[in-house]
Amino acid sequence: MTDMALKIAILGAGQAGARHITGFLAVEHAQIAAVADTDADLARREAGRSGATPFQDWRTALDAAAELDAVVVALPHHLHAEAACMAAERGLHVLMEKPMGSSLAEGRRIEEACRTAGVVLMICFVHRFRDEAIQAKAWIEAGHIGVPVNCMETIASPRGSHLGSWINSPDLSGGGVLMYTGVHAMDRLLWLVDAPLRDVHASIRTLTAGSRVEEAVTALLTFDNGAMATLNVTGPTYPAGGTSWRSEIYGTEGVIRIRARQSVEIAGNSLAQRIEVDDTSTRDGENYNFKRQAEEFVQAVWDGEVSPIPGRTGLAVLEACQRIYDRGIHGPLFALR
Ligand SMILES: NC(=O)c1ccc[n+]([C@@H]2O[C@H](COP(=O)([O-])OP(=O)(O)OC[C@H]3O[C@@H](n4cnc5c(N)ncnc54)[C@H](O)[C@@H]3O)[C@@H](O)[C@H]2O)c1
């Protein structure tokens, strides 16, 4: 690790961009040099937190590429591919918000551009850096539940005014709750089961008449190692309860239950333990997982290591979503395509 700082441009300073800024501000050997957002006040305010230069468009921020080493792409989904490919062509490393692109084809373009340019591409499956997820993965890798055979993933994140209006536009988002929220749960499944997806059956619904993208998905998935899973993704229109996310991984030797931001427990033949977690991981605050993600990205760049969450991981998630959209049975209100 060098004494110099990695100079980073944050492209998009909305909900996710702001969390990235908080994360990088807490990381050594990183400096936010540019913040770009079409909302000039927002760009100025977020740039002000880090002593960065504000820009009003991601392209103009990249025009200052000579001063930069890396970008964080935290833009609406339809801009992901263009921004990431242009950054890679300019030799900049890319920390890429999920989903990797608004379609599988766009994801492939990003992966190819970064591979050709020889830059680090890391996909922001930021929930992997939460305490409960790290613990669950460690128990599985240590063999404490044997081989995962059946899993349940349930994630519900209320739709509401805190979300950008672009999410309701299929051309800008590429899809609804599956692309915005469900990708995190899909990534968790693929990561914990650790096998490629085989078959997909799904039902897809909108829940409100005015919605142009799906608001609920239930999928039955099987994996190459024989494991099965159900994936339930809902974007309810009521705010009560906030985001709730539960995972249960049944193995041949035990079960792991994760309640995101609350607890993780194992009941196995060789180990029984319950760990309460909080949402702040002590002094690093509620965005502690963004800080950890930023640290891993900076380290991968400086040490020339392989990306901790590479492009192929983002592509596997996008491919799974694409198969759900293609093969799922679309409910009567569904109007995405
Ligand atoms: N990992 C997470 O926990 C997490 C959470 C929320 C969102 N996300 C992801 O982050 C990305 C952004 O989502 P969001 O919820 O922050 O959206 P958002 O609407 O809050 O923010 C996007 C920002 O991009 C700006 N923008 C649009 N066009 C631009 C342009 N040409 N140049 C510069 N800025 C432009 C908008 O003004 C807006 O402020 C998406 O990929 C989303 O899926 C990830």
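A polar contact here means a pair of N or O atoms within 3.5 Å of each other. Keep that cut-off in mind for what follows, and remember that this is a predicted model.

**Contacts with the ligand**

Start with Glu-97: an N or O atom in the side chain of Glu-97 is 3.4 Å from a nitrogen atom of the ligand, so this pair falls within the 3.5 Å cut-off. Two other side chains reach oxygen atoms of the ligand, one from Asp-37 and one from Trp-166. Here are the three pairs side by side.

| Residue | Ligand atom | Distance |
|---|---|---|
| Asp-37 | oxygen | 2.6 Å |
| Trp-166 | oxygen | 2.8 Å |
| Glu-97 | nitrogen | 3.4 Å |

How much of the ligand's area does the protein bury? On its own the ligand exposes 840 Å², and 88% of that is buried by the protein. As for where it ends up, the ligand sits in the largest pocket.

**Who makes up the shell**

The ligand is surrounded by 24 residues, and the closest are Asp-37, His-77, Lys-98, Trp-166 and Tyr-180. So Asp-37 and Trp-166, whose polar atoms you just met in the table, are on the list of closest residues too. Sorted by class, the shell has 12 nonpolar, 7 polar and 5 charged residues.

Which elements give two or more residues to that shell? They are helix H1, spanning 15–25, and helix H8, spanning 177–193. H1 supplies the largest share, with 3 residues. Zooming out to domains, domain 1 (6–126 + 288–309) and domain 2 (128–285 + 318–330) each bring at least three residues to the shell around the ligand.

**Backbone oddities**

Now for the backbone. Most residues other than glycine have a negative phi, and most peptide bonds are trans. A few spots in this model go the other way.

One is right beside a residue you already know: Lys-98, among the closest to the ligand, is joined to Pro-99 by a cis peptide bond, with omega about -20°. Pro-99 itself is in the loop between strand S5 (93–96) and helix H5 (104–117).

The others concern phi. His-29 isn't a glycine, yet its phi is positive, near 60°. This residue lies in the loop that runs between H1 and strand S2 (30–36), and H1 is the helix that gives the shell its largest share.

Where is Arg-261 found? Look in the loop between strand S12 (254–259) and strand S13 (263–268). Arg-261 has a positive phi as well, near 70°.

How values were computed
Residues numbered from 1 in each chain as written. Predicted model: local features only at pLDDT ≥ 70, side-chain atom pairs only at ≥ 80, totals over all residues. Heavy atoms only, no water. Near = heavy atom within 4 Å. Polar contact = N/O pair within 3.5 Å; in protein donor to acceptor, adjacent residues only side chain to side chain. Areas by Shrake-Rupley, 256 points an atom, 1.4 Å probe, with all protein chains shown as cover. 1 Å grid on protein atoms, 1.4 Å probe; cavity = no way out; pocket = protein on both sides within 12 Å on 5 of 7 lines; lining within 4 Å. Sits in = over half its atoms within 2 Å of the grid points. Helix = DSSP H or I, 4+ residues; strand = E, 2+ residues; numbered from the N terminus. Nonpolar A, V, L, I, M, F, W, Y, C, P; charged D, E, K, R; others polar. Domains from an automatic or database assignment.
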